[in-house]
Amino acid sequence: MKKLIAALLACTLTAVLLAGCGSAPDADGSSADQEVNTEAETKGDDADTQADSGAQGSSGDLKTVKQGVLTMATNAYFPPYEYYEGSEIVGIDVEIAQAVAEKLGLELKIEDMEFGSIIIAVTQGRADMGLAGMTVSEERLESVNFTDSYATGVQVVIVTEDSEIAGIDDLEGKKIGTQLGTTGDQYSKEDFGEENVESYNKGADAVMALTQGKVDAVIIDNQPAIEFVKNADGLKILDTEYTVEDYAAAISKENDALTEAINGALAELKADGTVQSIIDRYIVTE
């Protein structure tokens, strides 16, 4: 399959290992579904130092939805990248976004919404960036620009422990559950036919459908898959990968300055080890 061949081109398996800290939503999707705004104030670095290193240190240099604020659209049901811990949204993407906002001298504001609404929010000017374990794809590039990648993700297959499905080829003719709007949703429809794919608003809903026998398998990113399987009895993840992908932030095509500024901040945060240290706090390497 073309998506499996494309997977071989991915550079690392950084984000495929076991989740190491924080709590995740239950597989029954019982976390609050309403839109929530979470604001985190960050400290601004010295503007001259940031300018010298490539990041734009003055919030006045940047066009944002709200002056002095970096608004991040996400879907907070994707542990360990974003998820609820009580009423607070936490995770890898949240901490990276906070670090980027700090570099740019901006306050971070998080908007939680359905995954399929994130790019719409960015293109309509309701959010400055979409950061939600989002994969760079040709289809999405038609609507938004993407920053440099900050992590790598893997799409995997969840099945019941007694399932006869042992590999990707065994999915032919099976009913597959996915999260609506994700690349797993898109690719599985292309590879196995739309009539064989059931799309759900949340990954947790797809997993619940699997436990109830409504679907034969679920295709979803590896890290949330680990959390869902850990919190549900009788499920397992196949050893075979479906795809390997790069995660990046989606930015409006009308805001090249913001894309460049975030890329500058990400470059600094990668160089000084901040990005990797954030990932390591959530994902345990064995």
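**Exercise 1. Helix 3 against helix 10**

Helix 3 and helix 10 are roughly antiparallel to each other (over 145 degrees; under 35 counts as roughly parallel, 65 to 115 as roughly perpendicular, the rest as oblique). The model is predicted: local features need pLDDT of at least 70 and side-chain atom pairs 80 or more, while totals for chains, interfaces and linings use all residues. Residues are numbered from 1 along each chain as its sequence is written, and side-chain values use heavy atoms, without hydrogens and water.

Task: at what angle do the axes of helix 3 and helix 10 cross, and which residues make the contact?

Solution.
- Step 1. Locate helix 10 at residues 274-282. Helices (H or I, at least four residues) and strands (E, at least two) are DSSP runs, numbered from the N terminus.
- Step 2. Take the axes. They are lines fitted to C-alpha atoms, for helices over the stretch in contact, with angles from 0 to 180 degrees between N-to-C directions. The axes of helix 3 and helix 10 cross at roughly 155° and come within 9 Å.
- Step 3. Assign the hand. The crossing of helix 3 and helix 10 is right-handed (the near helix is turned clockwise from the far one by less than a right angle; anticlockwise would be left-handed).
- Step 4. List the contact (heavy atoms within 4.5 Å). Helix 3 supplies I92, E95, I96 and A99; helix 10 supplies T274, V275, I278, I279, R281 and Y282.
- Step 5. Sort these residues. The contact of helix 3 with helix 10 has 7 nonpolar, 1 polar and 2 charged residues. Ala, Val, Leu, Ile, Met, Phe, Trp, Tyr, Cys and Pro count as nonpolar, Asp, Glu, Lys and Arg as charged, and the others, Gly among them, as polar.

**Exercise 2. Helix 3 against helix 9**

Task: how are helix 3 and helix 9 oriented, and what is the make-up of their contact?

Solution.
- Step 1. Helix 3 spans residues 92-104 and helix 9 spans residues 256-271. Their axes come within 9 Å and cross at roughly 110°.
- Step 2. That angle makes helix 3 roughly perpendicular to helix 9.
- Step 3. Helix 3 passes helix 9 in a right-handed crossing.
- Step 4. From helix 3, I96, A99, V100, K103 and L104 make the contact; from helix 9, A261, I262, A265, L266, E268 and L269 do.
- Step 5. The contact of helix 3 with helix 9 counts 9 nonpolar, no polar and 2 charged residues.

**Exercise 3. Strand pairing**

Task: what is the order of the open sheet of 3 strands, and which are its edge strands?

Solution.
- Step 1. Apply the pairing rule: two strands pair if DSSP finds at least two bridges between them.
- Step 2. The order is 4-5-6, with antiparallel pairing.
- Step 3. Strand 4 (77-78) and strand 6 (88-90) are the edges, since each pairs on one side only.
- Step 4. Strand 4 and strand 5 (residues 82-85) run antiparallel and share 2 bridges. F78 has E82 of strand 5 as its bridge partner.
- Step 5. Contrast strand 3 (residues 69-74) with strand 7: this pair is parallel, over 6 bridges. L70 has L108 of strand 7 as its bridge partner.

**Exercise 4. Buried elements**

Task: how many residues of strand 7 and of strand 15 are buried, and what covers helix 7?

Solution.
- Step 1. Set the cut-offs: buried is under 20% relative accessible area, exposed over 50%, partly exposed in between (1.4 Å probe, protein chains only).
- Step 2. In strand 7 (residues 107-112), 5 of 6 residues are buried.
- Step 3. In strand 15 (residues 243-247), 4 of the 5 residues are buried, so strand 15 is largely enclosed by the rest of the structure.
- Step 4. Strand 15 runs antiparallel to strand 10 (residues 151-160), joined by 5 bridges. G153 stands opposite E245 in strand 15.
- Step 5. Helix 7 (residues 203-211) buries G203, A204, A206, V207, A209 and L210. Their cover includes strand 10, strand 12 (197-200) and helix 8 (222-230). Just after helix 7, G213 takes a positive phi of about 80°.

**Exercise 5. Two buried residues**

Task: where do A132 and T183 lie, and what do they touch?

Solution.
- Step 1. A132 lies in the loop between strand 8 (129-130) and helix 5 (138-141). A132 is buried, with a relative accessible area of 2%.
- Step 2. Beyond four places away in sequence, A132 touches T74, N75, F78, E82, D93, F115 and I118. N75 is 57 residues from A132 in sequence, with 6.1 Å between their C-alpha atoms.
- Step 3. T183 lies in helix 6 (residues 183-192). T183 is buried too, at 2% relative accessible area.
- Step 4. Beyond four places away in sequence, T183 touches T135, R140, Q155 and E245.
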